[in-house]
Amino acid sequence: MHLPHRHTIGINRRELLQVGYSGLLGVGMSSFARAVAKDTPSLSSGKKPKSLLIVFLTGAASHIETFDPKPDAPPEIRGEYKHIQTRTPGLLASEHMPKIAARSHLYSVVRSLAHHDNNHLVATHHVLTGHMQPGAFFDKIASRDDFPNYAGGLSYFRKPPEGTPCGVNLPTYLMEGPLLWPGQYAGFLGPKHDVMQISKDPNAADFKVENLRPSAGMDVTQMKDRMALLNAVNGQQRWLAEQAETRKITDQQQQALAVLTSGKVAKAFDIDREPVAVRERYGRHAFGQSCLLARRLIEAGVPVVQANMGRVQNWDSHGGLFNRLKKDLLPPLDSGVSALLDDMNDRGLLEDTMVMMLGEFGREPKINKDGGREHWAPCFSGLFAGAGVRGGQVIGKSDKTAAHPATTHYSPDDIGATVYSVLGIDPHSEVTDRLGRPVQLNRGRVIRPLFDGAAE
């Protein structure tokens, strides 16, 4: 049946598929059948379900200028920075990360991450979903054929607490011109499992997330009355009721109402409630306050939070790398992430939350003619903390120029297996795609040394 574009309530079939948190009071949801996770042991088997906090270095930070310095390499590899020793034997760090270096007892660094995708969009999908992008090609934008991000995958198997979204991404929306970054959504699981997207700077004096609060002068009872009216209007729209997507709109409205009326998540966004000293410790900049807001959301019960450290491709430095890192990028990252680790450790949140900091790949070992480094997927580093991760470890190593892993390498698929296992989901569980076909969620293997301390 052809669905006409009727503007009685302003949407048609295509628009229904695009509705997110900002529309119709809704968080995007879908009506796909929910699979049951296989009853197999995981890292959190028999324990309280874990949460995930991703610090995403969009654009890809240089592993050589962060956790894999090469002080003995030639200048064109070594770069301009000095290295410093962390608290972990054998783990060096950039001189511009002293606070993070001083807290290495709280985290492990994997220096042997690797994959084959030197394109930002494709690689972002791989890292943030734990699976290769279906039909991947250069600059393939997000689509409903993509694999789900971790929040979406978790939501498929485990409903989030009442009044809580399955995940929150902040404070930037990964999109540039016509390029919409994949890996930010639930992909083929449908909008029912999409995360809530925040695109405001939490350091701004007027920071608010308006769609989490009832309008001025409207109490919860009025809000529920308005929902009843909206449901009645929808009931009169026969053309809408006859479409399968109708159930998506109903789900969107109901979950959005739950978020609005619970107030728990809304309070987490009231970052002004934090003591001034705490906000200063994180750093009064978007990096620091995003880390602080991420901690508040985890504390409020949001199971997966992703804090993008800067606008899209923020760390993509093909020229002027060294000046930009030491002035604009590494100092705020250092203050924000070090405060986050301290805060979560002091509050007992690290016990049940994995913190993961990485970009979509690394940077080419040889410095180019413009003083930058090109994309480099064959070798990069990632920081992992909490949820059973042993602190004070360096796992794997790269060769003498940081070009390739010299030990067992781990792929984004392995990152995904690790994440899902920590979240209490069997990584090899089956989900259902848009055509109703069973699809294996992940094909990686858990990075066991993070938890066992045994080298591979």
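Here is a walk through this predicted model, from its sheet to its empty spaces.

Let's start with the sheet. Eight strands make up an open sheet with mixed pairing, and their order reads β8-β5-β9-β1-β10-β13-β4-β14. At the edges sit β8 (196-197) and β14 (393-395), each of which pairs on one side only. As for what holds such strands together, strands of a sheet pair through backbone hydrogen bonds, either parallel or antiparallel. Look at the β8 edge: β5, residues 168-170, pairs with β8 in the parallel sense, over two bridges. There you'll find V168 standing opposite M196 of β8.

Now bring in a helix. Helix α4, residues 120-129, lies across three strands: β1 (51-56), β9 (304-308) and β10 (353-358). Against β1, the helix runs at about 155°.

Next, the spaces inside. Rolling a probe the size of a water molecule over the atoms shows where empty space is left. The structure has two cavities of 30 Å³ or more. The largest cavity has a volume of about 100 Å³, and 14 residues line it, with L57, A61, T66, L358 and S381 the closest to its centre. Which strand supplies the largest share of that lining? It's β13, with four residues. Strands β10 and β13 (380-385) each supply at least two residues. By class, the lining of the largest cavity holds eight nonpolar and six polar residues, and no charged ones.

The second largest cavity encloses about 60 Å³. Among the residues lining this cavity are I54, L128, N149 and Q306, and V168 is one of them too. Two or more lining residues come from each of α5 (150-157), β5 and β9, and β9 gives the most, with three. Here the lining divides into eight nonpolar and four polar residues, again with no charged ones.

Pockets are open, unlike cavities, and one of them is worth a stop. The second largest pocket has a volume of about 300 Å³. Its lining counts 17 residues, and K48, P49, S51, I298 and G301 are the closest to its centre. Charged residues do turn up in this lining: there are six, along with seven nonpolar and four polar.

One last stop is T88, in the loop between β2 (83-85) and β3 (92-94). Is T88 buried or exposed? T88 counts as buried because its relative accessibility is 2%, and buried means under 20%. Leaving aside residues up to four places away in sequence, T88 touches S104, H105, G392, Q393 and V394. Q393 and V394 fall within the edge strand β14 (393-395).

Note on methods:
Residues are numbered from 1 along each chain as its sequence is written. This is a predicted model: local features need pLDDT of at least 70, side-chain atom pairs count only at pLDDT 80 or more; totals for chains, interfaces and linings use all residues. Side-chain values use heavy atoms; hydrogens and water are left out. Two strands pair if DSSP finds at least two bridges between them. Contact means heavy atoms within 4.5 Å. Axes are lines fitted to C-alpha atoms, for helices over the stretch in contact, and angles run from 0 to 180 degrees between N-to-C directions. On a 1 Å grid over the protein atoms alone, a cavity is a set of points where a 1.4 Å probe fits but cannot get out, and a pocket is an open set with protein on both sides within 12 Å along at least five of seven lines; lining residues have an atom within 4 Å of a point. Grid points are joined across faces, edges and corners, and a volume is the space filled by probe spheres set on the points. Ala, Val, Leu, Ile, Met, Phe, Trp, Tyr, Cys and Pro count as nonpolar, Asp, Glu, Lys and Arg as charged, and the others, Gly among them, as polar. Buried means under 20% relative accessible area, exposed over 50%, partly exposed in between (1.4 Å probe, protein chains only).
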